[in-house]
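Colleague: Please take a close look at the interface in this model. I would like the chains on either side described as far as that helps to place it.

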Amino acid sequence: MPPRKRSNEPQLYNRLTLLRTERGMSRQELADAVGVHYQTIGYLERGEYSPSATLALRLAAVFGLPMEAVFSLTPFRTLSEQVYGTQESS
Amino acid sequence: MSTPTRTQRRAERLDDPRFERFRTLRARRLLVAALCGLLAVEGVLFLFIEASPVAVLIPLSLVIVAFVFCLGALKASTRGIEELPADALDERQWQLRGEAYARAYRIGFGLLVLELAAVVAWRVAEWGTPGTGVLTAALLLPFHVGLVLPTMVTAWSSRA
């Protein structure tokens, strides 16, 4: 069963998996850094849970980035698109 | 380093990775079904307690032991979200608990209405004074259901 979302709730995109992997962090380490359960990091990464503003700011602070670099209401461009300027085939 | 509080110890115990096999959706729902079955068996056993108390006492004891183990496994499967205080939970777990309690309240209210309807039907049909077994079941079963309903609802949720 997919997670239930309120019909008017917009999808919140994030770069958590990319940023966490880039920094060699485990889910547990990131969870400890922001004070949540490691399972919650999984839900956030899969876009199945939208964080509060406080948690989003804490996550951005761990990566030393502004919040809009980690979370967005529009999909992020893929890494290959940014580096090579190629579009992902859909 | 400060020693962990009772709540922290309880949270750690319920989050033990050894219980990971109970945390799949299928395992959680099977445990909920098993607990429902045990509640039903308990109800049936109470109906016969008046006729042969000793004969019922043995299976009833077994049901109670199974009930305790089943509830323990169920609590471990939800990591105790429904029973731990707010400071032991994060915001997602806190939200999940709120939803589970709201759903459990609606289900519990529905069950209570059904029980009251059964009482009214009993009176209307003039089936006479119910026996000790029926009275015990009518008092104990709602208590047991109320005790385990939030855990069962949390475990049934696909997001626990």
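Modeller: I start with chain A, where residues 24 or more positions apart account for 58% of the contacts with a separation of 6 or more. Note that this is a predicted model. Chain A has 6 helices and 2 strands, arranged along the sequence as β-α-α-α-α-α-β-α. It has 90 residues, and 33% of them count as buried.

Now the interface itself. On the chain B side 14 residues are in contact with chain A, and they meet 14 residues there. The area buried between the two chains is about 1,200 Å², and carbon and sulfur atoms give 38% of it. Within the share that chain B buries against chain A, B:Glu91, B:Arg92 and B:Arg159 supply 47%, more than any other three residues. The largest share of the touching side of chain B by element, 6 residues, comes from helix H4, residues 91-125. B:Glu91 and B:Arg92 fall within the range of that helix.

By class, the chain B side has 10 charged residues, 3 polar and 1 nonpolar. For all those charged residues, the count of salt bridges between chain B and chain A is 0. That count asks for a side-chain nitrogen of Lys or Arg within 4 Å of a carboxyl oxygen of Asp or Glu, and side-chain atom pairs enter it only at pLDDT 80 or more. Polar contacts are a separate count: 9 residue pairs across the interface, both residues at pLDDT 80 or more.

Behind this surface, H4 of chain B also gives two or more residues to the largest nonpolar core, as do H2 (25-47), H3 (53-77) and H5 (132-156). This core has 25 residues, and those that touch the most other members are B:Leu35, B:Leu38, B:Leu39, B:Phe67, B:Leu74, B:Val148 and B:Met152. H3 of chain B gives the largest share, 8 residues. B:Val148 shows how the elements join: beyond its neighbours within four places in sequence, it is in contact with B:Leu35, B:Leu39, B:Phe67 and B:Leu71. By residue number, B:Val148 lies in H5, B:Leu35 and B:Leu39 in H2, and B:Phe67 and B:Leu71 in H3.

A second, separate core has 18 residues, including A:Val36, A:Leu44, A:Ala56 and A:Leu59.

Methods:
Residues are numbered from 1 along each chain as its sequence is written. Chains are lettered from A and ligands numbered from 1 in the order in which they are written. This is a predicted model: local features need pLDDT of at least 70, side-chain atom pairs count only at pLDDT 80 or more; totals for chains, interfaces and linings use all residues. Side-chain values use heavy atoms; hydrogens and water are left out. Contact means heavy atoms within 4.5 Å. Buried area is the accessible area (1.4 Å probe) that two parts lose on being put together, summed over both. A polar contact is a pair of N or O atoms within 3.5 Å; within protein, one must be able to donate a hydrogen and the other to accept it, and residues adjacent in sequence count only if both atoms are side-chain atoms. Helices (H or I, at least four residues) and strands (E, at least two) are DSSP runs, numbered from the N terminus. Ala, Val, Leu, Ile, Met, Phe, Trp, Tyr, Cys and Pro count as nonpolar, Asp, Glu, Lys and Arg as charged, and the others, Gly among them, as polar. A nonpolar core is a set of buried Ala, Val, Leu, Ile, Met, Phe, Trp, Tyr and Cys residues joined through side-chain atoms within 4.5 Å. Buried means under 20% relative accessible area, exposed over 50%, partly exposed in between (1.4 Å probe, protein chains only).
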